[in-house]
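Hi there,

Here is the structure I promised to pass on to you. Please have a look at it first, and then read my notes below.

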Amino acid sequence: MPPAGMRPGGPGGRFMTEEEMAAAPKITPALLKRVFSYLKPYWKQLVLVLGCIALSSVAGLLPSIFTGKIVDEGLIGRNMRLLIIYIAASFGVTVLASLIGVFESYINNWIAQHITFDMRNMMYAHLQKMSQRFFTSNNQGDIITRMTSDIDGVESVITGTFRSILSNSITLVFALVAMFQRNWVLAVLGVIIIPLFAIPTRRAGKTRWTLTNEAQQCNDEVNGILNETLSVSGQLLVKLFNKEEEEYERYRSVNSRMIGLNIRERMAGRWFFMVLSTVTNIGPMLLYLVGGILIMRYDSSLTVGDITVLVALLGKTYMPVNSLLNIQVDWMRAMAMFSRIFDYYDMDIEIKEPEHPVTPKELTGAVEFRNVAFSYDGEKQILKDISFKLESGHSMAIVGPSGSGKSTIINLIPRLYDVCAGSVEFDGVDVRKMSLETLRKCVGVVSQETYLFNGTIRDNLKYANPAATESEMIEACKKANIYDFIENQELGLDTMVGNRGLKLSGGEKQRISIARVLLKDPKLLIFDEATSALDSISESRIQEAIDPIIKERTSILIAHRLSTILAADMIYVLKDGEIVESGQHKDLVRAKGVYAELYETQFKQSGIPEGGLSEYGMMPLPSDEY
Ligand code: ADP
């Protein structure tokens with residue numbers, strides 16, 4: 001096996017893939033300044049780390065220097081005392097270097113952890129401020145990767161790449177200085193030998209990397225063929241079309257290409273080691289030879305010990321040179337990672353807090369849309385010139401075909417998105433002028449897709465109001481028509497809802513979310529009715545819960561069922577982002593427009609509530625008029 005740092009391939013490979021090269025950031029002074037700005041608060045610890053690295057690098061080189069004394073003064077000088085002293089000193093500094101190393105690694109990890117802690121918190125706080133648009137248009141996996149792997153990567157850059165650059169540079173400089181101090185001729189020779197060793201190492205590494213990549217592609221191809229042809233349906237196709245021979249040939253040819261690549265890759269490894277071991281052995285031999293010539297022919301003051309020291313020091317330069325030659329890739333990767341993180345930091349916060357927030361005189365939940373236009377992408381117009389007014393204490397239903405923009409209207413009220421034209425007013429104040437906290441406190445939404453956190457029912461209810469008392473929670477659950485269900489659970493409010501509420505039925509989840517919104521006690525309640533089929537018992541239980549609630553507060557209902565529509569004071573019919581009709585149920589049915597059509601195709605089946613229409617203060621119409 002090649003030594004760890006020299007192995008090509010894999011994500012931690014020493015070479016960059018074409019993709020990585022294409023995505024490599026431009027390393028500008030501004031980028032570097034920004035990266036180092038994260039280190040700045042920890043400069044004292046960094047100085048300590050630097051000091052430790054320098055000390056341990058020097059201490060790591062001292063045993064090599066002591067070998068000179070061991071040879072000259074101890075062995076050749078036949079001095080037992082000095083021999084033991086130098087051996088003990090060598091041992092001592094080795095232990096000292098290791099101890100300093102441990103301390104340095106502690107400080108280094110401490111800094112890295114603190115920096116990632118800062119970055120992670122900053123990123124999380126920033127992401128919380130990002131608009132809904134950001135979350136809908138970005139892949140959730142990418143966002144999580146940015147939060148986890150990329151920021152974790154920063155830690156390894158600090159404890160790995162940065163540290164490696166520092167310690168290898170310091171070791172190299174000290175080793176070279178010590179070599180030149182002993183004898184410049186041999187030192188120059190050593191410096192000449194270093195590239196002889198380093199260049200083949202790099203070349204061999206690159207060859208192996210290319211071959212490994214090719215073999216990997218070949219392997220993917222083999223797997224592709226196996227997957228295609230050895231599956232049940234694949235085999236059926238092969239058999240029915242008599243393709244056995246052809247498929248066998250295809251498989252054989254890729255397979256034979258693969259063995260060729262594998263052999264070449266293994267052999268590239270062998271050549272590499274041959275070159276490596278030859279050069280590493282040639283280096284000391286050359287030093288002994290030239291050193292011998294200097295001593296014997298030129299009567300140099302050089303001692304045997306000096307040559308031993310130079311040989312030992314030369315050996316100490318191989319690793320740092322190799323690491324530094326390869327560090328460029330790590331460095332580029334690190335910078336690419338920082339740039340990716342900064343890209344996120346730099347993303348504009350779309351929904352901005354107003355500088356001087358205005359709070360309405362009285363918060364009642366009244367909403368007015370004035371000529372609102374909206375588009376998600378700036379191209380496709382989703383809402384066009386929407387105007388309506390919802391008085392405090394009243395309720396309105398929005399109906400319309402799927403995709404007509406009903407949920408979009410709702411999104412504009414708590415400023416999940418901002419209008420493109422026109423304005424949305426909450427109690428007479430443009431929502432963009434209100435503080436987001438006040439606005440969102442006043443708006444409660446029961447959405448179609450009920451989201452419950454993994455935890456108990458109590459945890460989920462308390463999310464809306466952490467200060468809610470037991471009796472308030474029970475009261476809300478009773479109003480939401482879910483209390484009898486909770487009572488029947490062994491653990492009551494402490495029943496776990498499972499991941500995203502998966503342990504509950506759709507209707508139960510929705511009623512818990514109604515209880516949750518009631519605990520929030522919003523001025524405006526928005527209820528986005530589920531379109532997905534709930535059984536009729538669940539539906540009627542939700543309806544029973546919703547009816548009294550909307551009677552007592554300002555509410556907007558996105559309705560799909562007749563009973564919900566009839567519960568509202570006013571109906572707005574939306575089609576292709578425009579309000580095409582508005583009014584009361586019977587007038588809209590009579591108008592024989594979009595509503596009448598929706599009524600015929602959808603609402604009629606959803607049934608008339610018990611007690612008929614008169615319950616809503618309407619006279620039932622003769623059935624043929626619906
Ligand atoms: P409805 O609630 O009436 O079914 P929506 O308001 O959800 O309709 O959607 C209206 C239109 O806006 C649809 O064409 C939908 O594809 C589009 N749309 C909804 N949400 C987004 C989004 N986050 N980004 C881009 N387009 C969206």
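**What I found**

Let me begin inside a helix: Asp547 belongs to helix H17, which covers residues 536-552. With a relative accessibility of 13%, Asp547 falls under the 20% cut-off and therefore counts as buried. Its C-alpha atom is separated by 56 Å from that of Ala336, and the two residues are 211 positions apart along the chain. Please keep in mind throughout that this is a predicted model.

**The chain as a whole**

The secondary structure amounts to 20 helices and 10 strands. The radius of gyration is 37 Å, whereas the globule rule gives 25 Å for 626 residues; the value is well over that, so the chain is more spread out than a compact globule. Along the principal axes, the C-alpha atoms fill a box of roughly 125 × 75 × 55 Å.

Of the 626 residues, 45% are buried. Among contacts with a separation of 6 or more, 76% are between residues 24 or more positions apart. The chain exposes about 33100 Å², and 58% of this area is supplied by carbon and sulfur atoms. As for charge, there are 64 positive and 70 negative side chains, and the centres of these two sets lie 10 Å apart.

**The open sheet**

Strands of a sheet pair through backbone hydrogen bonds, and they can do so in a parallel or an antiparallel way. Here, four strands make an open sheet with antiparallel pairing, in the order S2-S1-S4-S5. Which strands stand at the edges? They are S2 (381-390) and S5 (429-430); each has a single partner strand, so one side of each is left without a neighbour in the sheet.

The partner of S2 is S1 (residues 367-375): six bridges join the two strands, which run antiparallel. If you would like one pair to look at there, Phe369 has Phe388 in S2 as its bridge partner.

**Two loops with a positive phi**

Most residues other than glycine have a negative phi. Two residues are worth a look with that in mind. Asn481, which is not a glycine, has a positive phi of about 65 degrees. You will find Asn481 in the loop between helix H14 (470-479) and helix H15 (483-488). The other is Lys592, also not a glycine, whose phi is positive and near 55 degrees. Lys592 sits in the loop between helix H19 (585-590) and helix H20 (594-601).

Are these residues buried or exposed? Asn481 has a relative accessible area of 13% and is buried, while Lys592, at 69%, is exposed.

**Around helix H3**

My last stop is helix H3 and the loop that follows. Ser64 lies in H3 and is buried, with a relative accessible area of 6%. What does Ser64 touch, leaving out residues up to four places away in sequence? Its contacts are Val309, Ala312, Leu313 and Lys316.

Arg78 is in the loop between helix H3 (43-76) and helix H4 (80-129). Its relative accessibility is 76%, over the 50% cut-off, so Arg78 counts as exposed. The C-alpha atoms of Arg78 and Ala178 are separated by 25 Å, with their positions 100 residues apart along the chain.

Happy to talk any of this through whenever it suits you.

Best wishes

Notes
Residues are numbered from 1 along each chain as its sequence is written. This is a predicted model: local features need pLDDT of at least 70, side-chain atom pairs count only at pLDDT 80 or more; totals for chains, interfaces and linings use all residues. Side-chain values use heavy atoms; hydrogens and water are left out. The radius of gyration is taken over C-alpha atoms; the globule rule is 2.2 Å times the number of residues to the power 0.38. Buried means under 20% relative accessible area, exposed over 50%, partly exposed in between (1.4 Å probe, protein chains only). Contact means heavy atoms within 4.5 Å. Accessible areas come from the Shrake-Rupley method with a 1.4 Å probe; for residues, only the protein chains shown count as cover. Lys and Arg count as positive and Asp and Glu as negative; His and the chain ends are not counted. The place of a charge is taken as NZ of Lys, CZ of Arg, CG of Asp or CD of Glu. Two strands pair if DSSP finds at least two bridges between them.
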